[in-house]
Amino acid sequence: MILLVSLLVFGASLLQICEGYSSGAPAGACVHMIPGHLVAQNASNPISPQAVAAPYTVSISKNVYGPGEELRLTLSGTESFIGFFLQGRPDGEEVPVGGFSEPGAKMKTVPECSSDYAAAALTHTDQKPDATPWTTDGFTVKWTAPDRDVGNITFYATVAQTHSVFWVKVPSKSIAYSGFAVLHPTVYMLLLPLAVAMSRLV
């Protein structure tokens, strides 16, 4: 009986190791962004990230941000992928800022990564080995900037092509603070007649 229980526990542990973090990046990876995938035959031997150039890119809809402005981020590449971990950080800092909104299917935020911004980190969820991977088109998500100037911001993505093939902290181009908030189109249309009327009084 004891032998049977031991075998069941070992089997469950081995399955978890083989699957890696199928439910997304753990809170312990917030800073280094290394997924911690393990070699199934040796639970104490983590798999190393790829050292060659990543086949993935993080592109941003604008190269500047204003307070509370909404931008769009796209993670794509020349290869499909099964998992990711995405953050935007002020240059020289290790804590992400801003917030991802309306995450798509198989995505979730990681609130433990920032005490000030609960949705500052985004990862995959429930990505089993037989699940459909993201294609080379990747995906696009919304990100809302902080309501103040935090300096230049660079987005980083850890991307897993397979359980044993992944790249860590693939950087985007940095975006700079513009100092201007972007008005919602509805607010803009309401204020436009007032601005025109005031210009005629000058």
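Here is a short tour of the sheets, cores and cross-links in this structure. The model is a predicted one. It has an open sheet of four strands and another open sheet of five strands. The largest nonpolar core holds 28 residues, and a search of the whole structure turns up one disulfide and two salt bridges.

**The four-stranded sheet**

- Let's begin with the open sheet whose strands follow the order β3-β5-β10-β7, with antiparallel pairing.
- Its edges are formed by β3 and β7, each of which pairs on one side only.
- From one strand to the next, the twist averages 35°.
- Three bridges connect β7 and β10 in the antiparallel sense.
- Within that pairing, Ser101 has Lys142 of β10 as its bridge partner.

**The five-stranded sheet**

- The other open sheet runs in the order β8-β9-β6-β11-β12, and its pairing is antiparallel too.
- Here β8 and β12 each have a single partner strand, so one side of each lacks a neighbour in the sheet.
- Neighbouring strands in this sheet are turned against each other by 15° on average, direction ignored.
- β6 and β11 run antiparallel and are joined by eight bridges.
- One residue to look up here is Gln87, whose bridge partner in β11 is Tyr156.

**The nonpolar cores**

- In the largest core, of 28 residues, those with the most contacts inside it are Leu75, Phe84, Leu86 and Trp143.
- The elements giving two or more residues to this core are β3 (56-60), β5 (70-77), β6 (83-90), β10 (139-144), β11 (153-160) and β12 (166-171).
- β11 supplies the largest share, four residues.
- Phe84 is a good place to centre your view: leaving aside residues up to four places away in sequence, Phe84 touches Leu75, Met107, Leu122, Thr123, His124, Trp134, Phe139, Thr158 and Val159.
- A second, separate core has nine residues, among them Ala29, Cys30, Cys113 and Ala121.

**The disulfide**

- Cys30 and Cys113 are the two partners, with their sulfur atoms 2.0 Å apart.
- The link between Cys30 and Cys113 is left-handed, with -80° about the S-S bond.
- This pair links distant parts of the chain, 83 residues apart: Cys30 sits in the loop between α1 (2-19) and β1 (38-39), and Cys113 in the loop between β8 (107-109) and β9 (121-124).
- With a cut-off of under 20% relative accessible area for buried residues, both ends qualify: Cys30 is at 7% and Cys113 is at 8%.

**The salt bridges**

- Glu69 and Lys62 form one of the two salt bridges, and their closest N and O atoms are 2.7 Å apart.
- The two ends of this bridge differ in exposure: Glu69 counts as buried at 5% relative accessibility, whereas Lys62 counts as partly exposed at 35%.
- Another salt bridge joins Glu102 to Lys142, with the closest N and O atoms 3.3 Å apart.
- Glu102 lies in the loop between β7 and β8 while Lys142 belongs to strand β10, so this pair ties together parts that are 40 residues apart in sequence.
- In this bridge, Glu102 is exposed, with a relative accessible area of 61%, but Lys142 is buried at 17%.
- Lys142 therefore has two roles to trace on screen, as the bridge partner of Ser101 in the strand pairing and as the salt-bridge partner of Glu102.

**Backbone points to check**

- Met33 is not a glycine, yet its phi is positive, at about 60°.
- You will find Met33 in the loop between α1 and β1, and Met33 is buried, with a relative accessible area of 0%.
- Glu102, the residue that forms a salt bridge with Lys142, also has a positive phi, near 50°, in a residue other than glycine.
- Glu102 is placed in the loop between β7 (99-101) and β8, and counts as exposed at 61% relative accessibility.

Definitions and conventions
Residues numbered from 1 in each chain as written. Predicted model: local features only at pLDDT ≥ 70, side-chain atom pairs only at ≥ 80, totals over all residues. Heavy atoms only, no water. Core = buried A, V, L, I, M, F, W, Y, C linked by side-chain atoms within 4.5 Å. Buried < 20%, exposed > 50% of the residue type's maximum accessible area, 1.4 Å probe, protein only. Contact = heavy atoms within 4.5 Å. Disulfide = S-S within 2.5 Å. Pairing = 2+ DSSP bridges. Axes fitted to C-alpha atoms, helices over the stretch in contact; angles between N-to-C directions. Salt bridge = Lys/Arg side-chain N within 4 Å of Asp/Glu carboxyl O.
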